[in-house]
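Biologist: Mind walking me through this one? I'd like to hear the reasoning behind each label as we go.

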Amino acid sequence: MTEQPTRSLSHGWRSFDARGDLRGVSVFRCCAGPLVWVHLWSYFAAALRGSYFRDSFYVPWFAWYPEPSLPVYRLLLSAALLAAVALSLGWHARLASWVCFGVVSYHFFLSETFFHHNRVFLLVFLGGLSLTHCGDALSLDALRASGPLPARPLWPLWLWRALACVPYLASSISKLLDPAWRGGIVTWDRVERYKHLAPRAVPSALLELAASPVTHFYLAKGVLALELCVGLGLWFRRTRYCAVWLAVLFHTAIELSANVQVFSLLGIAGLCIWAVPATRERRLQLRRGSTLAQRLALAVRACDWLARFDVVYVEHGPSVSLRERDGRILVDRAAVPRVLARLPLTAFFA
């Protein structure tokens with residue numbers, strides 16, 4: 001069990017010198033490598049074919065910014081892709097995170113035509129990852145290390161969280177100040193323009209409902225409320241769990257309705273940084289020989305990536321007993337859904 005964070009961690013604003021467990025960051029690190037591949041692969045594949053950004057229209061951000069030749073460009077992208085693999089495996093994780101952040105940042109500023117909000121979002125998360133000790137758990141580095149995991153400074157995590165909330169708050173507030181968005185005109189216009197592309201199997205009544213100005217008048221309010229709830233709700237423990245659910249719905253809806261590259265996958269994976277930076281705070285007691293306890297033990301061993309549970313086995317008593325952070329004790333049928341609701345893969349359905 002790692003050292004628990006300071007008491008200030010649970011009360012109000014966190015102190016600058018607070019320390020805790022960054023296991024949630026380690027879980028995100030495992031997802032970051034594939035996201036870097038998704039982002040860079042099209043550029044790398046084009047470079048292998050002998051084509052890169054200087055062969056077509058581009059606009060340098062700065063006149064003094066160094067531009068690579070094609071062989072150097074290939075080498076840089078190769079280094080970033082290899083570092084992304086090392087990052088996910090947790091092999092020299094901090095160095096790998098610096099390489100990924102450095103190359104992705106350098107590549108972003110080669111041309112203004114590379115600007116997209118989802119790529120800025122990726123830079124924010126890679127930058128936050130590079131500031132933290134991201135290889136303490138779920139990594140090859142952790143396998144080589146000996147002894148208990150050290151408690152790490154948490155100020156990079158607070159900074160990272162603040163930057164991660166900016167897209168939700170900036171988007172919702174700007175829409176709130178825009179009469180066209182607030183009144184539903186923007187979403188209605190988008191559907192009106194492209195409804196002729198809807199599959200023929202879509203019922204005409206449903207299509208008319210989707211294209212109705214009244215529908216979008218209320219839909220716009222729902223979108224604004226959703227983004228505000230995510231951007232604000234993640235900051236408070238009592239609302240965080242609900243905000244995580246809403247964020248999953250928000251990013252899933254965006255992914256199904258638009259091409260946003262890595263934004264939705266990054267947004268869902270990035271929810272890991274909101275896990276409380278402390279481990280084994282819940283005590284899960286399982287009775288040996290109980291079928292219910294055995295099945296739950298399998299789920300916890302496979303899915304408790306955030307190390308939320310301190311699992312112990314007993315010979316007598318209820319099949320399942322869970323002691324929560326606040327001291328409440330749940331048993332059997334009341335405990336099982338609570339446990340499943342705290343595992344990443346089953347939380348949304350539990």
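Modeller: Sure. Ground rule for counting: a helix is a DSSP run of H or I with at least four residues, and a strand is a run of E with at least two. By that rule the chain has 14 helices and six strands. Keep in mind that this is a predicted model.

Biologist: What are the overall dimensions, and how much of the chain is buried?

Modeller: The C-alpha trace spans about 70 × 55 × 40 Å along its principal axes. Of the 350 residues, 42% are buried. Also, among contacts with a separation of 6 or more, 73% are between residues 24 or more positions apart.

Biologist: Let's do helix packing. What makes α1 oblique to α4?

Modeller: Helix α1 (residues 23-48) and helix α4 (residues 117-131) have axes that come within 11 Å and cross at roughly 140°. Angles over 145 degrees would count as roughly antiparallel, and 65 to 115 as roughly perpendicular. The α1/α4 angle fits neither, so α1 is oblique to α4. The crossing of these two is left-handed.

Biologist: Which residues of α1 and α4 make the contact?

Modeller: From α1 you get V25, F28, R29, A32, V36, H39 and Y43, and from α4 R119, L122, F125, L126 and L129. By class, the residues of this α1/α4 contact are nine nonpolar, one polar and two charged.

Biologist: And how do α6 and α10 pack?

Modeller: Helix α6 (residues 155-177) and helix α10 (residues 213-233) sit with their axes 8 Å apart, at an angle of about 145°. Their crossing is left-handed. On the α6 side the contact uses C165, Y168, L169, S171, S172, K175 and L176; on the α10 side it uses V223, L224, E227, L228, V230, G231 and L232. Sorted by class, that α6/α10 contact has nine nonpolar, three polar and two charged residues.

Biologist: K175 is in that list. Is K175 buried or exposed?

Modeller: K175 belongs to helix α6. Its relative accessible area is 14%, and buried means under 20%, so K175 is buried. Leaving out residues up to four places away in sequence, K175 touches W181, R182, V223, L224 and E227.

Biologist: On to the rings. How many aromatic pairs are there, and why is W41 with F44 called tilted?

Modeller: A search of the whole structure turns up 27 aromatic pairs. For W41 and F44 the ring centres are 5.6 Å apart, and pairing requires centres within 6.5 Å. Their planes are at 50°; stacked needs under 30 degrees and edge-to-face needs over 60, so the pair is tilted. In helix α1, W41 and F44 are three residues apart, which means about one helical turn separates them.

Biologist: How do you know whether W41 and F44 are buried or partly exposed?

Modeller: W41 has a relative accessible area of 40%, and partly exposed covers what lies between 20% and 50%, so W41 is partly exposed. F44 has 11%, which is under the 20% cut-off, so F44 is buried.

Modeller: Another tilted pair is F53 with Y73, at 5.7 Å centre to centre and 50° between the planes. This pair links distant parts of the chain: F53 is in the loop between α1 and α2 (70-89), Y73 is in helix α2, and 20 residues separate them. Both F53 and Y73 are buried.

Biologist: Which residues do ring pairs link into a cluster?

Modeller: W61, F62, W64, Y65, Y106, F108, F109 and F115.

Biologist: What makes the phi of L138 and R280 worth flagging?

Modeller: Most residues other than glycine have a negative phi. L138 is not a glycine, yet its phi is positive, about 55°. R280, also not a glycine, has a positive phi of about 55°. L138 is in the loop between α4 and α5 (140-144), and R280 is in the loop between α12 (263-269) and β3 (282-287). At 37% relative accessibility L138 counts as partly exposed, and R280 counts as partly exposed at 33%.

Biologist: Last one: what does E255 touch?

Modeller: E255 lies in helix α11 (residues 237-257). Setting aside residues up to four places away in sequence, E255 touches V260, Q261 and S264. The C-alpha atoms of E255 and L265 are 8.3 Å apart, with the two residues ten apart along the chain. E255 is at 37% relative accessibility, so it counts as partly exposed.

Key. Residues are numbered from 1 along each chain as its sequence is written. This is a predicted model: local features need pLDDT of at least 70, side-chain atom pairs count only at pLDDT 80 or more; totals for chains, interfaces and linings use all residues. Side-chain values use heavy atoms; hydrogens and water are left out. Axes are lines fitted to C-alpha atoms, for helices over the stretch in contact, and angles run from 0 to 180 degrees between N-to-C directions. Angles under 35 degrees count as roughly parallel, over 145 as roughly antiparallel, 65 to 115 as roughly perpendicular and the rest as oblique. A crossing is left-handed if the near helix is turned anticlockwise from the far one by less than a right angle, and right-handed if clockwise. Contact means heavy atoms within 4.5 Å. Ala, Val, Leu, Ile, Met, Phe, Trp, Tyr, Cys and Pro count as nonpolar, Asp, Glu, Lys and Arg as charged, and the others, Gly among them, as polar. Rings of Phe, Tyr and Trp (its six-membered ring) pair if their centres lie within 6.5 Å; planes under 30 degrees apart count as stacked, over 60 as edge-to-face and the rest as tilted. Buried means under 20% relative accessible area, exposed over 50%, partly exposed in between (1.4 Å probe, protein chains only).
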